[in-house]
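Trainee: Could you take me on a close look at the nonpolar core and its aromatic rings? I am new to this, so please explain the terms as you go.

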Amino acid sequence: MKRTVATLSACIVIVTLCPPALCQMSKVRVGFCARTISSGTSPFAVATKMGWFREEGIEVNLVTLAGSSDCVKSVTTKEIPFALAAVEPHAVAYLQGIKMKTFYTAYQGNIYQLAVPADSFIQKIADLRGKTIGVISLGGGVLFAKAIIAMAGMDPEKDVKFVVVGEGAQTAAMVRTKQVDALCQFDTQYALVENAGIKLRMLNAREIERFPGNGFLALEDTLKTRRKDAVALARGYAKGTLFAINNPEAAVRMLYEVFPEARPTGKDEATAVRDDTRVLQARIPNWTLEKGGVKRWGESSEANYTEYLDFLLKWGVIKEKVAAQDLITNELIDEVNRFDSNKIVGEAKTYRFK
């Protein structure tokens, strides 16, 4: 009898210390399609720090990969269930018979641009003929760059050369030593390069600004078997995004706490926070709903995706037409947006990092 009571008492203690939501935490591995954890990763850090992922019953583990092509491959092979990947390699994979869907568009605007040093004689994209373009990896960025080069009337296979220049300070060093003439990278990477002392100038390509950027994608089977995890991931990320938009400095400080490797070395705290807040602010415009003309967090605009896919087809990045509805789904979006956005904004604006 005493043993039974003792056992029962122990069970009560365990239940008290470990609520069901925490005892049944789902481990969620997510591909982040860059080697560097930068301020652009802030929504994950905020959602972790604020306990929003935990409240959803998930524990998120970011897996850094070289680029979106590697992310798509890792989802295809089921090494990871979800990834925050770009459209181009997703479309290429679809044409190879891989059935996956973007279920949350995170970057409503195109994050990639072509850039040159501020003092470069290169004034327009057509001036890049015979030049060397630095990319983070031979993945999604190259596919995008080839389309832009083709749009300017050049052959991307013959008229320019692509070289891998890494990220951040490594990229800056390659530009400083004139090993590349231009860059094709994304918003936060450009901010990191400028933080390293290289002033850049973007080449005009206004017609591509509304093209959608990265979004959470998964195999169609995964969305059926792990729907709850997909919604939890997207909802936590949406909250984190909204918080970061409204209090970028606090988001950066949370980033340092959750991902210590993101804290710059060789800088004092104030300088690091200032520089990384600048990096975060480079991403914010592409997070906004207004950029994509949508109303809900993560909503995928079929019109914007259709326009982008037609662009990729026209300039040879994909060889066959792909319909937007074959790559995107808004099936989870109503559920993802079941949170009080005003409350999140209020928490962000009044939050003081301790």
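Mentor: Happily; let us go from the core to its rings and then to one helix. This is a predicted model, in which local features need pLDDT of at least 70 and side-chain atom pairs count only at pLDDT 80 or more, while totals for chains, interfaces and linings use all residues. Residues are numbered from 1 along each chain as its sequence is written, and side-chain values use heavy atoms, with hydrogens and water left out.

A nonpolar core here is a set of buried Ala, Val, Leu, Ile, Met, Phe, Trp, Tyr and Cys residues joined through side-chain atoms within 4.5 Å. Buried means under 20% relative accessible area, exposed over 50%, and partly exposed in between, with a 1.4 Å probe and protein chains only. The largest such core holds 95 residues, and F44, F103, Y104 and L128 have the most contacts inside it. Its top contributor is helix α11 (residues 227–246), which supplies ten residues. Helices (H or I, at least four residues) and strands (E, at least two) are DSSP runs, numbered from the N terminus. Another core, of 13 residues, lies apart from the largest one, and C71, I80, A83 and L217 are among its members.

Now look at Y104. Leaving aside residues up to four places away in sequence, Y104 touches G215, F216, A234, Y237, A238, W297, G298, I333 and V336; a contact means heavy atoms within 4.5 Å.

Next, the rings. Rings of Phe, Tyr and Trp (its six-membered ring) pair if their centres lie within 6.5 Å; planes under 30 degrees apart count as stacked, over 60 as edge-to-face and the rest as tilted. By this rule there are 15 aromatic pairs. W52 and F243 are edge-to-face, because their ring centres are 6.3 Å apart and their planes are at 65°. This pair joins distant parts of the chain, with W52 in helix α4 (residues 52–55) and F243 in helix α11, 191 residues apart. W52 and F243 are both buried. F216 and Y237 are also edge-to-face, since their centres lie 5.1 Å apart with planes at 85°. Here F216 sits in strand β10 (residues 215–219) and Y237 in helix α11, 21 residues apart. Ring pairs link F216 and Y237 with F32, F44, F82, F103 and Y104 into a cluster.

Finally, F44 brings us to helix α3 (residues 42–49), where six of eight residues are buried: S42, P43, F44, A45, V46 and A47. Just after α3, G51 takes a positive phi of about 80°.
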